[in-house]
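Biologist: I am new to this structure and would like a close look at a single part of it. Please describe the surroundings of one arginine, then the cysteines.

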Amino acid sequence: MADKPLNIADAQVLIAGHCSILPAATTAVDEALGLVLAEQVTAGGDVPSRDNSAMDGFAARSGSASRTLTVIGESRAGHPAAVTVGDGEAVRISTGATMPEGADAVAPIEVVKENGESVTLLEELTAGRNVRLAGEDLRAGDEVLAAGRELGPAELGIAVAAGRAELSCTRRARVAVIATGDELREPGEALAPGELHDSNLTTLQALVRAAGAEVVLARHVGDDPTATSDAFAEALELADVVVCSGGVSVGPHDHVKGALLGLGVEEHFWRVALRPGRPTWFGSRDGTLVFGLPGNPVSAMVTFLLFAAPALRALQGRPQQPTQTTALGESISRHPDRDECVRVRIEGDEAFATGPQGSHILSSMALADALVVIPRGEGLLAAGSVIELMSLQP
Ligand code: AMP
Ligand code: MG
């Protein structure tokens with residue numbers, strides 16, 4: 001492959017060319033948050049299904065104030081009254097309970113005087129007052145959600161209201177995450193000199209889940225060619241997307257590229273003109289995408305957000321994040337030949353670097369609201385310059 005590092009946008013276009021939408025699967029509504037609908041949802045019936053009360057009070061016939069009405073029954077939520085309301089009669093009713101036959105209005109508790117078995121209306125009762133009509137929200141057969149809609153909490157709720165327990169959705173991408181490095185220890189483990197905690201395996205899994213995808217394998221492997229190859233072989237069997245961190249450079253202990261090529265994964269690019277994240281590798285085998293991300297924790301996050309996240313969106317049928325811009329609140333020096341992703345906090349509508357920007361400095365990532373892309377060039381990019389803003393949400 002060409003040795004010259006790709007531009008970020010060219011790398012993204014190349015990746016997009018290898019993404020096709022995953023098949024649809026029948027999904028329980030409680031499992032469908034964040035997925036994209038692969039069918040149209042129509043209302044199975046009127047919602048609400050019956051005229052019902054908007055208030056706690058008394059259902060009666062509309063008419064003048066000062067009438068005294070005999071209470072002949074009660075309509076509670078889920079327990080309609082089996083009576084018909086005539087002149088001079090009322091039914092005690094709860095919010096959401098079905099309107100009894102004969103009644104066309106509800107007097108709220110606050111506008112009646114209760115006297116044992118009867119109530120006296122303190123106000124005139126106009127027809128339809130405090131009555132919610134059947135079908136006011138949805139009419140049977142109406143389109144409720146169009147195919148392609150992303151399912152958030154409200155969409156899931158309305159699908160249930162429309163009568164659905166399952167939905168046909170583009171299925172979640174299955175992602176395998178592999179962290180490489182002899183120096184890595186599990187969270188909480190004691191460290192010997194030169195060791196560090198494997199933060200990438202946790203962060204990358206969190207990013208995968210935040211992207212709406214499913215982690216099907218999460219594994220640490222040491223810097224050993226056979227172990228690396230075995231882990232990738234398993235990952236390639238299970239996953240739509242394999243994401244790995246570390247071991248992707250050219251040192252004697254970097255085995256990722258060799259292992260992948262040995263397993264028949266075709267390299268599409270290696271190296272992007274980006275800081276942090278230059279040695280990013282991308283390849284595929286039979287439609288399974290493989291992202292070899294650099295090991296430094298900030299590099300791994302930045303390259304996941306720039307390259308793996310858009311791929312997961314495309315596979316899962318989700319639209320890409322809209323491009324946003326912001327103004328720099330301070331001057332930032334440019335890298336001469338790489339575009340730089342700088343961790344920023346947003347104050348008002350300006351972006352300020354969160355602190356030291358080394359690719360190993362996770363603390364300045366944890367303080368960040370977003371990333372900005374500082375285009376390569378000479379000298380400083382002046383305060384006030386308008387630049388691209390990248391969300392930390394994949
Ligand atoms: P590599 O890309 O393997 O050369 O790793 C670059 C740097 O990132 C090294 O200093 C590693 O210790 C660090 N690193 C690699 N993998 C991880 C990880 N999973 N968690 C935290 N740091 C890592
Ligand atoms: Mg390494």
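Modeller: The arginine comes before the cysteines below. This is a predicted model, in which local features need pLDDT of at least 70, side-chain atom pairs count only at pLDDT 80 or more, and totals for chains, interfaces and linings use all residues. Residues are numbered from 1 along each chain as its sequence is written, chains are lettered from A and ligands numbered from 1 in the order in which they are written, and side-chain values use heavy atoms, with hydrogens and water left out.

R343 belongs to strand β24, residues 339-347; strands are DSSP runs of E, at least two residues, numbered from the N terminus. R343 counts as buried because its relative accessibility is 0%, where buried means under 20% relative accessible area (1.4 Å probe, protein chains only). Its side chain makes a polar contact, a pair of N or O atoms within 3.5 Å, one able to donate a hydrogen and the other to accept it, with residues adjacent in sequence counting only if both atoms are side-chain atoms. The backbone oxygen of G358 is reached by the R343 side chain at 3.1 Å, and a polar atom of that side chain lies 3.0 Å from the backbone oxygen of I361. Between the C-alpha atoms of R343 and D286 there are 36 Å, with 57 residues separating the two along the chain.

As for the cysteines, the whole structure holds zero disulfides, a disulfide being a pair of cysteine sulfur atoms within 2.5 Å. For C244, the nearest cysteine sulfur is that of C19, 17 Å away. C244 is buried because its relative accessibility is 0%. C341 is in no disulfide either, and its nearest cysteine sulfur, that of C19, is 19 Å away. C341 also counts as buried, because its relative accessibility is 1%.

Terms used:
Buried < 20%, exposed > 50% of the residue type's maximum accessible area, 1.4 Å probe, protein only. Helix = DSSP H or I, 4+ residues; strand = E, 2+ residues; numbered from the N terminus.
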